[in-house]
Structure formats: C-alpha cells, structure tokens
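Colleague: Before I rely on any of the labels attached to this model, I would like to hear how each of them was reached. Could we go through them one at a time?

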Amino acid sequence: MRPVLILFFGALLQAEILKLPEPYQSLVELTHATPPEFAADALLRIADSGKIRDREMRRALIEEAFRLSGVASLPVKLRGLPNLVDTRAGLLSQAYAQKLDALSLQSRAVMDMLAVDAPKARQLFLDIVPPRLAPLTCDEALVYDVSDFYTTLAAVAGATPEKDRVNLLLSYMSQVSSAAQLAPLAMAIKMANVTPQQHEVLWSTFNGILESLQPDPRSFAASLNEINAAVTPQMQASFDKYQKQSAGCPSDAGATQSQKETTPKLERYWQSTEAQRLLEDGKKLRAGDSGSDAWRLQLAGYLNALAAWGPSSEKSETDYFHQKSIVYQALVELIPPGSQRDKTLDAFVGFLASSSLYQQSPVEWFMEGNAMLERVRHTNNGEPGKVLEAFERSGNPVLTLRAALEKVLGTKQPSWAPNTN
C-alpha cells in the first residue's frame, strides 16, 4: 500500500518550506496530489530549469525531492535484455527507462545539489541506502542498472576533502554484491580524483572483489560486455579469472537453439485472437489511402472493434492496458489532423486516466502517456499541444502536472522520458 501519511506530511512540508514566485509555486502545489516519484521529478525539474535564481529556494526544492524519492514505488532501475519487442518485459524496461525509481531519483538529486551546496550533497548521498541486489534467475529478462548511482559516487568523491576520498570509495566497494555493480564501479574508480598511489589501492581492492564475487548467471552474462569495456591493464588478470569461474544462462552465446528458447521466460503480446485481429487490421489501415472514403469506413470499423476490446481476452489487465495503448498511439500518429484524430486522442486519454494501473504501478502507467506525447511530437503534423491540452483536462493529477510543467518550463525532455539516442 502506498504510504499515504508520508505523502500527506511531505505535502505539508513542501507547503511550509517552499514559497516560490509564480508560476513556480503553483507547480509545486500541483505536486502535492501526485505519487512521490512524480513530485520529486517535478521539483528537480523546477530547480534545474534556471528559472529559480535564489540559492536557498533551489536547495530546498532539491532536498525535498530527495526525501520524496526515498518512498518511490520502484526501488532500483532495471533494464531489459536485447530482443524484447512486443513482450511484457520489454514494456517494463521502457517504464524503468524513465528513471523514476528511488535510487535514480536520489542520485539525480545529489548531482543537482552538488552545484548548489557540495557538503549538503555529500550528506544526502550518505543517506541513500546502497543498492542490495538480490540474485536473479535465468528466467528473468530484466537486469539491474545502477550506473547513475556510481556516477554520483564518483562526483561526490570529487567534492569530498582529499583525505577522505579513498575511504569513501572503499566503503562503497565493500558493499558490492552483484555483477551489475562491477562496470559502473570500475568507471567510478577511473573518474576518481585521487593520487596514483591511491588509485593502486582502489584497483587492488576492486580486483579482489572481481576474483571473489560469485555472481548469479543472469547478472554475469548481462554485464560481461560492459565489464570487458571497462577493463584496464590493472584489471586484466583478475578479469580473466572472473570469466573462468562464472557462467551465463542457457540462452547465452554458445547455447543450442533449443536451449535459447528456454530462458528468459517471456510473456509475448498480440497472442489472443482479438489482439491479433487488431494488429493485422491496423497494418491494413497503415497501408491504405487515408484520403479515401473506403479508408475512412475501414477506420470507423476499426475504432468500433477497438472500443469493444476488453481485458478478459488477455492474460492480465496490465497486458491489455499496454497493448491497447500501443494501438491508440499508432492511430493518433496515423489519422490525419482533424476531428477524428482529436476524438481518438480524447478516447486514449480517457482510457489512460481511468486505468487501475495508475494506483498499482504509476511509473509503468505513465510510460504510455509519455510515449503518446513523444510519438506525436516526432510525427509530422502531430500536434503535441493537443496531447498536453487533453492531459490538462483529464482530471488526473500526474497528467495535469505533466502539462503544467511543459507549459511553464518548456519542452526540454524530462528525466522520466526514455533516452532515444
């Protein structure tokens, strides 16, 4: 259950400490009704916008964002293995790519605080609960991604008094428990502003971790290329030992084709009769002439079938939500500007705002709304302003906040948007 009391007292705290000039104060007040990860992201966007000149106000925004981040619904970022298109795991990977998990948000808050108050940033960083990454099974298609945390560790070490830097880094090195931490930790050591002798101490300690760690097969295989790319001459012998004593999953390189079909376990989309029919008919729509009467008649029939499609035919309501959202996104991109596109967009936003996934998994839920906005933004004649207007009148606090942030701060890509580069 979401910690409602924490949200309530967090809202009270914001109301007491943040008295910003308008329209920024109104943005802060909108965050009070949203889940903590969205509130934290919004406060950091305001602080980082360049619009707030007062240093103390920026400090207060960042510190409050850090506190809210600690109760985000997702503790740590995961990323998907390759080739997860049209699967439940692939959609989850996109949701995690928004970086609205607690560890990513807190790391970002610390990086923002470094530019405002370095001692305070170090204090905040020490308050982050270091990632404890449970072993993964070969059935799992998502692996840990803690690179932002270790990039922040390197930055905080650089802002730490010289006499304390090595001890700070060593204290976090002693807590490594997963192969997913090795490559970002190696990069943090490379970035560390320490003496050559201190670097030798750090690499020696790292090599000891590399030789003694017994990673789970999934994390080992998923991180091997990244570790290999980070290898330095000081690491090579230990890395060779690491490779020899560990093994990947049956689906990794060298496995037979039959083995490759066993792991990871994937829930594939577009498998039900209804979903397949909509997918195939959607392809026919895309191939047709959108200016013809026949195409408009075909579209009307398709929209009726889409409206009739319900969750009972799918494995879960969440799978239904994602597949139907994908269809809406494709339609809004495909339909020419005009009243029919506007109606389809309104139908999507209504579908989004009424989904129970908002309560169950708000980050996963919002990924589809943001995907619609970004898809329209990169479509000829896409009219992203109409998407934001629909968000604004949706009655949903997160969608309303998203529209208000863009109206006040501009179209700069927010942290929750996946990197499409």
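Modeller: Let us begin with Glu333, which is partly exposed because its relative accessible area is 27%, and a residue is called buried under 20% and exposed over 50%. Please keep in mind throughout that this is a predicted model.

Colleague: What makes the meeting of Arg375 and Glu333 a salt bridge?

Modeller: The closest approach of their side chains is 2.9 Å, N to O, and the cut-off for a salt bridge is a side-chain nitrogen of Lys or Arg within 4 Å of a carboxyl oxygen of Asp or Glu, so the name applies. The pair links distant parts of the chain, with Arg375 in helix H20 and Glu333 in helix H17, 42 residues apart.

Colleague: How do you know whether Asp145 and Lys77 are buried or exposed?

Modeller: Asp145 has a relative accessibility of 16% and Lys77 one of 13%; buried means under 20%, and therefore both residues count as buried. These two residues also form a salt bridge, in which the closest N and O atoms are 3.1 Å apart. Asp145 lies in the loop between strand E2 and H8, and Lys77 in the loop between H4 and strand E1, so the salt bridge ties together parts that are 68 residues apart in sequence.

Colleague: Why is Asp127 called partly exposed?

Modeller: Asp127 is at 39% relative accessibility, which falls between the limits of 20% and 50%, and so the intermediate term is used. Its salt-bridge partner Arg67, at a distance of 3.7 Å, N to O, is likewise partly exposed, with a relative accessible area of 37%. Salt bridges that share partners join Glu63, Arg67, Lys120 and Asp127 into one network.

Colleague: What makes you say that H6 is largely enclosed by the rest of the structure?

Modeller: Eleven of the 13 residues of H6 are buried, so the description follows from that count. The buried residues include Leu103, Gln106, Arg108 and Met113, and what covers the buried residues of H6 includes H3, H4, H7 and H8.

Colleague: How do you know that the length of H6 agrees with the expected span?

Modeller: At 1.5 Å a residue, the 13 residues of H6 should span 18 Å, and the end C-alpha atoms are 18 Å apart, so the two values agree.

Colleague: Why is Ser238 called buried?

Modeller: Ser238, which is placed in helix H13, has a relative accessible area of 5%, and because buried means under 20%, the term fits. Leaving aside neighbours within four places in sequence, Ser238 is in contact with Asn207, Leu210 and Glu211.

Notes:
Residues are numbered from 1 along each chain as its sequence is written. This is a predicted model: local features need pLDDT of at least 70, side-chain atom pairs count only at pLDDT 80 or more; totals for chains, interfaces and linings use all residues. Side-chain values use heavy atoms; hydrogens and water are left out. Helices (H or I, at least four residues) and strands (E, at least two) are DSSP runs, numbered from the N terminus. Buried means under 20% relative accessible area, exposed over 50%, partly exposed in between (1.4 Å probe, protein chains only). Contact means heavy atoms within 4.5 Å. The expected span of a helix is 1.5 Å times one less than its number of residues.
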